[in-house]
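Trainee: I would like to learn how to read the packing, the confidence and the empty space in a model of this kind. Could we take the features one after another?

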Amino acid sequence: MTERSRRVFEYLLILPMYIALSVPIGIMLNGLVIKSVVVLFYLCYLTVNLMIGMIVHAAGREKWDILYIFIADVIFVLLFRDMILTINIAAAFVASAIIAILNIRKIKRFGWAVAAAAEITAAHLIFDTTLPKYAAVCIVILTFYGIAILLKKDIRYYSAIPIIMCIVGFLAPVSEEPYKWDFVRKAIDGTGKLFGRLMDETIYFFDGFGSGNLGYTGYTGTGKISGRIERNVKEELKFEFSSKSLPVYLKGRSYLTFTDKGLTNPEIEENFNDWFAVYMNALYNAGVDYKESTYFSKMMIADVIYKYLRTEDVIRPQTVLNITYVDKVPKKKKKGFGYRVRYLALDTASPYFVRVLNSVDKEAEPLSYKEMIDYVMSIYSIDFRTVMTEEQYNAAVAPKDMTAYLDTSMATDRMIELTNELTKDCGSDYEKALVIEDYLRHYEYSTDVDLTGYDNYLDTFLFDEGRGYCVHYAGAMVMMLRIAGVPAKYTVGYNHYETESSLVYSSEAHSWPEAYIDGFGWISFEPTAVFKTAADTTWGLGEDSSKNTSTSGSMPYDDEYWKRYVPQGNDQPIPIDVQIEQDRKEADFRTGTVLRFLGYIGVMAAALVIFILVIKLIGYIKYLRLSPEGKIKNNMVHIFDLIDGNKNVKKKNRSIFEYPELIKDGEMRDKLKELIDIYIRIRYRGDEAEPEVIHNSREMFKTVKRASKKVVRTD
């Protein structure tokens, strides 16, 4: 084995330790301070850094490895010019720098043990008692190695893994019958699905710590706006209905305060089911009986199971009555967490529901707790005491301070003018909400919009850009409702109405406005163009749906009125049901993801080739700058190293005069003897190095390098 081969082999043996050290570092950076660290990207750049380290190590320049890595990372930053990638490149460099520090001779013995202890402590502080599986495995391996180094037992036990794989492969049974070609097609299909599943698992475990959209669809639980978004399709929830499913908003949380970066100040909900007390009083005041209630409401039970989702929020239907948890509720809910919910499905576009809204008596006294128990039993045949206690009921129906839901600090003059014109002829808060909802649905839906750099993204969306996605629609409607005097809040969660599937995909993550109708409670609206409104999904029970008394569709303005306020777009939005069907196909077999991943690997491979060429160029430049005597010495040393490294040559100490005897070709043997004689005279007698001699030594080096097996004989 040559010296270079030995160095590469030793580096490959220690490589698993570098990975075991670096993986937890990336996860902790993401979970502790830098939410933009996407561990998948981080590991890609770390891999490049480790490959550069191996090349530098093989060249015998390991003292300079961190410098070469730094130069390569700077080149990546200049090439990509992307903030997210820059952060991940920097994180990978931090891990590489830590590895370089731990390899310092005076630090190495104690450094690895200290690093293991530090990672254990950090993991405990950041993740409490929960840690990703392979992050925990990495820390165990790192601890084992740290102790071994501390005891001066540099045992690289992981070198046995490829040996075990070879043994298993050798002993594995082989079928006598050949596989049919049909198997190849199935294998490719299965591999694609498996790759998609592995990608989901990798993203879930590596990218699940902390919040932040990072430009992909999916539930984040935040109210901030982001730039353009890409569709990242994975299963985030399982929502299993007890009977035929109906469209449902799955709510995570609501936000109250507008800023230039989105919404902050999450709403504090002590009880998810306070709405039910106000709702039932509204039904009572409208004289609704059991039969009429069945035209617009239905009691439902569903099981919610978290899949590729990690959040502190309890995702539930907006109209939930109670939640039954299977286990203790952790602060951070993750894959496998589940519960059962009982909720009320409502058809808010039903004429009977609208009649209740129009019959609201804001001055009516609420029913007593005992009266409410009897009324709920007569309408929904459930015991109201299982929904809330008397104390909770009295708190739910008590007057509320709605000041926080009427903040219009980000409203501009033209937003106020537009809202006042739209709602001037409306007779109720509900009609105002419908008019604003219908108006906003004229805007073009686009996920390519980036309004993050503007002082007032709501004003820009409404009057300058004229297109956007759900966060822009929902934010604009909340502000316009508040301008119109209607309390409103911004809600994030999922819009799940694909009744054929119990799976809730990341592409169904959504944001929408809720308006407070005094005397009735909170109602959701859908201003986003590609999503269906309540009128689009009405059940049509009780009477002909054409008699719907909703004001939606008969707005007090025409298209010309709308054109005065917003730029026109040419693209027609794709219906959301079509989008979800497309997303489901993408989730089953992610050809695009595979190609992007392979393309990314190709870019890294090309970058590695360029780096190797740069290293070779630097070496050649250094050779050109040597003195004539230095060039001959360099060439002769390389010739001797190549001969020593030949597998046919016994490893032993030999004088330079013995090397010619190892050459098969007589003519070449004589040339090498002559070169050695000249080399000795130049080195020890001080003879001048002639250009012809330098050229001959260089050509001899190239010849031995190209065909060492042919020119070197067995000794």
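Trainee: Which residues in the largest nonpolar core touch the most other members?

Mentor: Bear in mind that this is a predicted model. The largest nonpolar core has 107 residues, and those that touch the most other members are Phe 276, Tyr 279, Met 280, Tyr 343, Phe 384 and Leu 440. To this core helix H17, which spans residues 470-483, gives the most, with eleven residues. Apart from it lies another core, of 40 residues, including Ile 25, Leu 43, Val 48 and Ala 95.

Trainee: What is Tyr 343 in contact with, leaving aside its neighbours within four places in sequence?

Mentor: The contacts of Tyr 343 include Phe 239, Phe 241, Val 248, Met 299, Met 300 and Leu 321, and among them are also Lys 298 and Thr 319.

Trainee: How should I treat the regions where pLDDT is low?

Mentor: Where pLDDT is low, the predicted coordinates should not be read in detail. Here the mean pLDDT of the protein is 78, with 75% of its residues reaching 70 or more. Over residues 174-181, however, the pLDDT is below 50, and this stretch has zero contacts in the model beyond near neighbours in sequence. Residues 206-214 also stay under 50, yet for them the model has 35 contacts beyond four places in sequence.

Trainee: What lines the second largest cavity?

Mentor: Rolling a probe the size of a water molecule over the atoms shows where empty space is left. The structure holds two cavities of 30 Å³ or more, and the second largest has a volume of about 40 Å³. Its lining consists of Ile 55, Val 56, Ala 59, Arg 61, Tyr 68 and Ile 615, which by class makes five nonpolar, no polar and one charged residues.

Note on methods:
Residues numbered from 1 in each chain as written. Predicted model: local features only at pLDDT ≥ 70, side-chain atom pairs only at ≥ 80, totals over all residues. Heavy atoms only, no water. 1 Å grid on protein atoms, 1.4 Å probe; cavity = no way out; pocket = protein on both sides within 12 Å on 5 of 7 lines; lining within 4 Å. Points joined across faces, edges and corners; volume = space filled by probe spheres on them. Nonpolar A, V, L, I, M, F, W, Y, C, P; charged D, E, K, R; others polar. pLDDT = per-residue confidence, 0-100. Contact = heavy atoms within 4.5 Å. Core = buried A, V, L, I, M, F, W, Y, C linked by side-chain atoms within 4.5 Å. Buried < 20%, exposed > 50% of the residue type's maximum accessible area, 1.4 Å probe, protein only. Helix = DSSP H or I, 4+ residues; strand = E, 2+ residues; numbered from the N terminus.
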